2 protein chains.
Amino acid sequence: MSDGRSGQSFSGESLLFLTDEQLRQGIEAMFFAYRGFTADPDRILSEMAYGRAHHRAVHFINRAPGTTVNNLLTILGVTKQSLNRVLRTLIGDGLVESRVGTVDKRERHLFLTEHGHALEATLSDAQRARMRSAYKDAGPEAVQGFKRVLEAMMDADMRRAYGKMRETGS
Amino acid sequence: MSDGRSGQSFSGESLLFLTDEQLRQGIEAMFFAYRGFTADPDRILSEMAYGRAHHRAVHFINRAPGTTVNNLLTILGVTKQSLNRVLRTLIGDGLVESRVGTVDKRERHLFLTEHGHALEATLSDAQRARMRSAYKDAGPEAVQGFKRVLEAMMDADMRRAYGKMRETGS
DNA sequence: AGTTTAAGTCAGCGTTGTTGACATTCCAAG
DNA sequence: CTTGGAATGTCAACAACGCTGACTTAAACT
């Protein structure tokens with residue numbers, strides 16, 4: 001509407017002036033991109049009896065082996081009942097191992113089995129390939145900006161969780 | 001793994017060399033950010049008898065008034081049965097109006113009613129506020145990069161749909 | 001006239017959220 | 001030491017929203 005890139009106008013303020021139209025483009029970009037983001041793993045999972053929730057569980061168990069059910073459901077942002085259904089099938093199918101805590105026997109510590117690692121690898125490979133290709137197309141500076149905006153978009157507590165995972169990173 | 005940020009190494013290639021760890025951070029950022037992105041509308045919708053699917057329908061009908069059912073379900077990427085369930089409630093509740101096409105009477109053209117516009121406004125206001133705040137925190141250059149990566153992450157046909165919407169923009 | 005297309009409906013199923021009820025374990029206060 | 005509460009995890013039932021498949025109606029195309 002009206003401008004596009006018309007105005008360097010006012011001081012530094014100009015760069016912070018955002019039309020509803022610009023924001024809506026961002027919203028739609030987010031919607032379409034997330035679909036692409038999940039498309040490849042979803043395709044793979046649908047051939048098995050699994051869904052996106054299984055993917056997420058496997059991802060974060062791989063990310064933080066030995067994590068407790070409670071940790072996991074905080075990260076995933078679902079109820080323990082919802083997570084439990086997913087874990088039950090993964091454990092039943094021998095992809096995840098659940099070990100009773102040694103210091104606190106109420107806790108269950110979660111690990112991927114060999115089969116679990118195999119599935120995790122298949123799924124991440126697909127998702128990383130898409131990510132790599134997007135990063136490559138957009139260029140390294142764009143990637144910086146991409147991450148910055150995403151971090152600003154998270155809820156505060158999730159930003160903390162994400163931050164902790166970055167430290168632990170690699 | 002194995003490295004981290006070891007290498008500026010090779011020529012310009014260095015900027016395109018992406019470790020699995022870097023990619024995984026992007027994947028997790030996308031996951032947490034999308035949760036934040038949908039959190040505010042979800043909260044509002046859960047107080048009514050609606051869900052995310054209703055939001056999406058209302059959004060795109062507002063975006064392209066008079067769109068047909070077929071257009072809509074292509075954009076949304078769901079089956080007509082799934083969309084129909086949502087549209088039926090929206091029409092029944094008087095948020096959406098369905099008019100028989102004048103040139104092709106098989107088609108139904110969809111419009112928001114006054115009530116529909118009200119809901120749409122409430123939902124977008126919440127989502128735009130989050131978006132605006134994220135953009136503001138990240139800065140204008142980051143926003144450029146953000147959009148570039150998201151576009152590269154979409155499936156080709158959705159990139160086309162997204163592009164068309166940008167042209168039509170406002 | 002016969003085929004294709006747009007839209008809608010009904011029935012049924014799977015994944016993944018939810019709440020409610022319950023068992024087990026730990027810990028701290030009496 | 002016992003008892004009551006908090007934390008952890010499990011089982012059951014329900015709702016939202018995807019999906020497939022089968023079918024109808026109406027209009028358009030050929």
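How far is a polar backbone atom of R52(A) from a phosphate oxygen of DNA strand C? I looked this up first. The distance is 2.4 Å. I note that the model is predicted, so this is a computed value for a predicted contact.

**Entry: chain A overall**

I went through the secondary structure of chain A next. I find seven helices and three strands. Along the sequence they come in the pattern α-α-β-α-α-β-β-α-α-α. Chain A has 170 residues, and 46% of them are buried. I then looked at contacts with a separation of 6 or more in chain A. Residues 24 or more positions apart account for 51% of these. The accessible surface of chain A is about 9,200 Å². Carbon and sulfur atoms hold 51% of that surface.

**Entry: the sheet**

I traced the strands of chain A. They form an open sheet of three strands in the order β1-β3-β2, with antiparallel pairing. β1 (67–68) and β2 (96–100) of chain A stand at the edges with a single partner strand each, so one side of each has no neighbour in the sheet. I checked the link between β1(A) and β3 (residues 108–112) of chain A. Two bridges join these antiparallel strands. For T68(A), I find H109(A) as the bridge partner in β3(A).

**Entry: DNA strand C**

I listed the protein residues around DNA strand C. There are 24, and the nearest are R52(A), R56(A), R85(A), N70(B) and K80(B). Of the strand C atoms within 4 Å of the protein, 60% belong to sugar and phosphate.

I sorted the residues of this surface by class. I count four nonpolar, nine polar and 11 charged. Which elements supply at least two residues each to the surface near DNA strand C? From chain A they are α2 (52–63) and α4 (80–92). From chain B they are α3 (69–76) and α4 (80–92).

I then went to single phosphate contacts. R52(A) uses a polar backbone atom, at 2.4 Å from a phosphate oxygen of DNA strand C. T79(A) also puts a backbone N or O atom by a phosphate oxygen of this strand, at 2.8 Å. From chain B, I note N84(B). An N or O atom in the side chain of N84(B) lies 2.8 Å from a phosphate oxygen of DNA strand C.

**Entry: DNA strand D**

I repeated the search for DNA strand D. Here 26 residues surround the strand, and the closest are N70(A), K80(A), N84(A), R56(B) and T79(B). Sugar and phosphate make up 56% of the strand D atoms that come within 4 Å of the protein.

By class, I find four nonpolar, 10 polar and 12 charged residues on this surface. Four helices each supply at least two of its residues: α3 (69–76) and α4 of chain A, and α2 (52–63) and α4 of chain B. Which element gives the most to the surface near DNA strand D? I find α4(A), with five residues.

I closed with the phosphate contacts of DNA strand D. A backbone N or O atom of V69(A) lies 3.5 Å from a phosphate oxygen of the strand. For R108(A), a backbone N or O atom is 2.8 Å from a phosphate oxygen of DNA strand D. In chain B, S82(B) has a polar side-chain atom at 3.3 Å from a phosphate oxygen of DNA strand D.

Definitions and conventions: Residues numbered from 1 in each chain as written. Chains lettered and ligands numbered in written order. Predicted model: local features only at pLDDT ≥ 70, side-chain atom pairs only at ≥ 80, totals over all residues. Heavy atoms only, no water. Buried < 20%, exposed > 50% of the residue type's maximum accessible area, 1.4 Å probe, protein only. Contact = heavy atoms within 4.5 Å. Areas by Shrake-Rupley, 256 points an atom, 1.4 Å probe, with all protein chains shown as cover. Near = heavy atom within 4 Å. Polar contact = N/O pair within 3.5 Å; in protein donor to acceptor, adjacent residues only side chain to side chain. Nonpolar A, V, L, I, M, F, W, Y, C, P; charged D, E, K, R; others polar. Pairing = 2+ DSSP bridges.
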